[in-house]
Amino acid sequence: MTSTNFTVGNGPDGARHVQIHARGLAVLDDPEVNRGTAFTMAERDELGLHGLLPSATETIVQQTDRCYEQFKAKGSDVEKWVFLSQLHDSNEVLFYRLVGEHVHEMLPIVYTPTVGAAIEQFSHLFRRPRGVFLTIEDVDGIDRAIEATGLGPDDIDLVVASDAEAILGIGDWGVGGIDISIGKLAVYTVAAGIDPRRVLAVGLDVGTNRESLLNDPRYLGLRRSRVRGAEYDAFIDAYVASASARFPRAILHWEDFSGPSARGILARYGDTLCTFDDDIQGTAAVGLACVLAGVRVSGGRLVDQRIVVFGAGSAGVGIADLIALAMTEDGLSVEEAAGRIYLLDRPGLLTTDMTDLYDYQRPYAKDPAAVAEWRTADGRLGLQEVVDNLHPTMLVGTSGVTGAFDEKVIRSMHEHCERPIILPMSNPTVLAEQTPENLLAWTDWAALVATGSPFGPVERDGTTYRIGQANNALMFPGLGLGVIVCRAATMPPSLFIAAARALAKLADPTDPAKGLLPDISRLREVSATVAVDVITTAIAAGIAQVKVDDPIEAVHEAMWQPDYLPITPR
């Protein structure tokens, strides 16, 4: 949240400067202005810091090196997360400098998968509040809580909110879900240079159904079961009304809601507000990018693919929806596109005679008569039967079922497809449908693989197969940056398809061993590429509210850099 302890503007030389209004310990206690040992002696005298710091002065490079040594000395990933959180809470610029320089190593700590373990321990690790905590038992206090931030209509570009019902494959974690909002915002800044002073994390506490939390004396959230139905909807509507009124130019980002809740929110607000759900639309976009990159590497056409999506929840259906929409852009009808995608969930292949399908699953349900011969003698129509009979070219996993893509399934797929595209996208790592090494080995090293969680490279006979991670961090930061730069009024599917196509273009079809997606260490380059194409698409769609003459220049000018600005004396 923005501090009142400083203002940023142009100095006498025309460059960006900061003027610090606080003095003494208030300077060191504010992570947005504190730079610790990097304050010069003259600055220490000006700011009332004489004697409050060791006598040595350091550059940000020296500080970063020292912090990296401290990070490496931590014994576990959770300890590393605690260290980075404390740094975030004491010196924001240094935190982003450190994570940005070691993004491959630290992104899995500040984001998935380690943040999941931190969320599980939220009430026991709690030290310093960040963001805004809203509870369903105080709907009338929502305006007051948001007003307490002191932020005005021109202060915020992005708000990330979570009700923590579906955290990273680990489920319902109540009030701890605010850490996913905080982590998500950190990725926005590291990856795309979204100004950390212009973002806000929100926790929406509607109770929890996790007994271990309700019985934990340290638990900091509401001690009641999750509220659903009309009362839940009214709470969400009150939050949206308050947040959109106070921050009318901000993106409202939804994170880790259950599928029905998320889709209900998008149905109410997706067409009228600048809002999106990363688990549905962000995951779909990065999934589509993997699909497009795989098709590009294999030399085929998207409209010719036969696609199996294993896991028909919000993520799986979201991927299917965006693939189908991209197929229609390439010439298929809506019905033809849906017909090339097969969804499976716990009961097996979704068919039209099932009575418990969600509305968003129905377009992909198949005629039971058309697949009757695929069934086993006992009526089963699961993944193995679909693969054996459909001969898919592409297999997408969003099920959270560890090892679901077993050897028999994969060998059957490869028997009829020379270069199968296989995307085990479930996270965290332990929930992946299969390991890349097995997928490559079972397809004679021909599979085109990307995963949802980070996996190390696979070595074979002197060749290194780098495994592309279908990490939403390759997608949502650039998407958000593009929307912020052009002030898109809404976020229609065309923006997500544009972002996916931009990301897929970065695949190298001449060397499949390079992976389907760019390495996570290229996040800033990737985000800039995605943002430019999002802006171009928004302008063409007539939803950009700011004139952007040169999208490339505008994107690079908008990206915040983790550097200490010169201090202008007050």
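**Exercise 1. Find the bridge partner of V309 in strand 9, then work out what else strand 9 pairs with.**

Step 1. Start at V309: its bridge partner in strand 9 is L343. Keep in mind that you're looking at a predicted model.

Step 2. Now widen the view from that one pair. Strand 8 (residues 307–310) and strand 9 run parallel, joined by four bridges.

Step 3. Next, follow strand 9 (residues 341–345) towards strand 10 (residues 348–349). Here the two strands run antiparallel, with two bridges between them. D345 has G348 as its bridge partner in strand 10.

Step 4. Look at the link: strand 9 and strand 10 make a hairpin, and two residues sit between them.

Step 5. Finally, check how covered strand 9 is. Four of its five residues are buried, so the strand is mostly covered.

**Exercise 2. Decide which residues of helix 17 are buried, and say what covers them.**

Step 1. Go to helix 17, residues 383–390. Its buried residues are L383, Q384, E385, V386, V387 and L390.

Step 2. Put that against the length of the helix. Six of the eight residues are buried, so helix 17 is largely enclosed by the rest of the structure.

Step 3. Look for the cover. It includes strand 8, strand 9 and strand 10 from the previous exercise, along with strand 11 (394–397) and helix 18 (407–415).

Step 4. Step off the end of the helix. H391 follows helix 17, and its phi is positive, near 55 degrees.

**Exercise 3. Give the strand order of the five-stranded open sheet, then place helix 12 on it.**

Step 1. Read the strands across the sheet: the order is 3-5-4-6-7, and the pairing is parallel.

Step 2. Find the edges. Strand 3 (132–135) and strand 7 (275–277) are the edge strands, each pairing on one side only.

Step 3. Check the twist: ignoring direction, neighbouring strands here are turned by 20 degrees against each other on average.

Step 4. Zoom in on one pair. Strand 4 (residues 158–162) and strand 6 (residues 251–255) are joined by five bridges in the parallel sense. Within this pair, V159 stands opposite L252 of strand 6.

Step 5. Add the helix. Helix 12 (residues 229–246) lies across strand 3, strand 4, strand 5 (199–205) and strand 6, and runs at about 150 degrees to strand 6.

**Exercise 4. Work out whether H253 is buried or exposed, and list what surrounds it.**

Step 1. Locate H253: it lies in strand 6.

Step 2. Compare with the cut-off. Buried means under 20% relative accessible area, so H253, at 1% relative accessibility, counts as buried.

Step 3. Look at its side chain, which makes a polar contact with the side chain of E255 (2.8 Å).

Step 4. Set aside neighbours within four places in sequence. H253 is then in contact with L158, V159, V160, A161, K184, Y188, F276 and D278.

**Exercise 5. Classify the crossing of helix 12 and helix 13.**

Step 1. Take the axes: those of helix 12 and helix 13 (residues 259–269) come within 12 Å and cross at roughly 50 degrees.

Step 2. That angle makes helix 12 oblique to helix 13.

Step 3. Add the hand: the crossing is right-handed.

Step 4. Name the residues in contact. Helix 12 brings Y232, D233, I236, D237 and V240, while helix 13 brings S261, I265, R268 and Y269.

Definitions and conventions: Residues are numbered from 1 along each chain as its sequence is written. This is a predicted model: local features need pLDDT of at least 70, side-chain atom pairs count only at pLDDT 80 or more; totals for chains, interfaces and linings use all residues. Side-chain values use heavy atoms; hydrogens and water are left out. Two strands pair if DSSP finds at least two bridges between them. Axes are lines fitted to C-alpha atoms, for helices over the stretch in contact, and angles run from 0 to 180 degrees between N-to-C directions. Contact means heavy atoms within 4.5 Å. Buried means under 20% relative accessible area, exposed over 50%, partly exposed in between (1.4 Å probe, protein chains only). A polar contact is a pair of N or O atoms within 3.5 Å; within protein, one must be able to donate a hydrogen and the other to accept it, and residues adjacent in sequence count only if both atoms are side-chain atoms. Angles under 35 degrees count as roughly parallel, over 145 as roughly antiparallel, 65 to 115 as roughly perpendicular and the rest as oblique. A crossing is left-handed if the near helix is turned anticlockwise from the far one by less than a right angle, and right-handed if clockwise.
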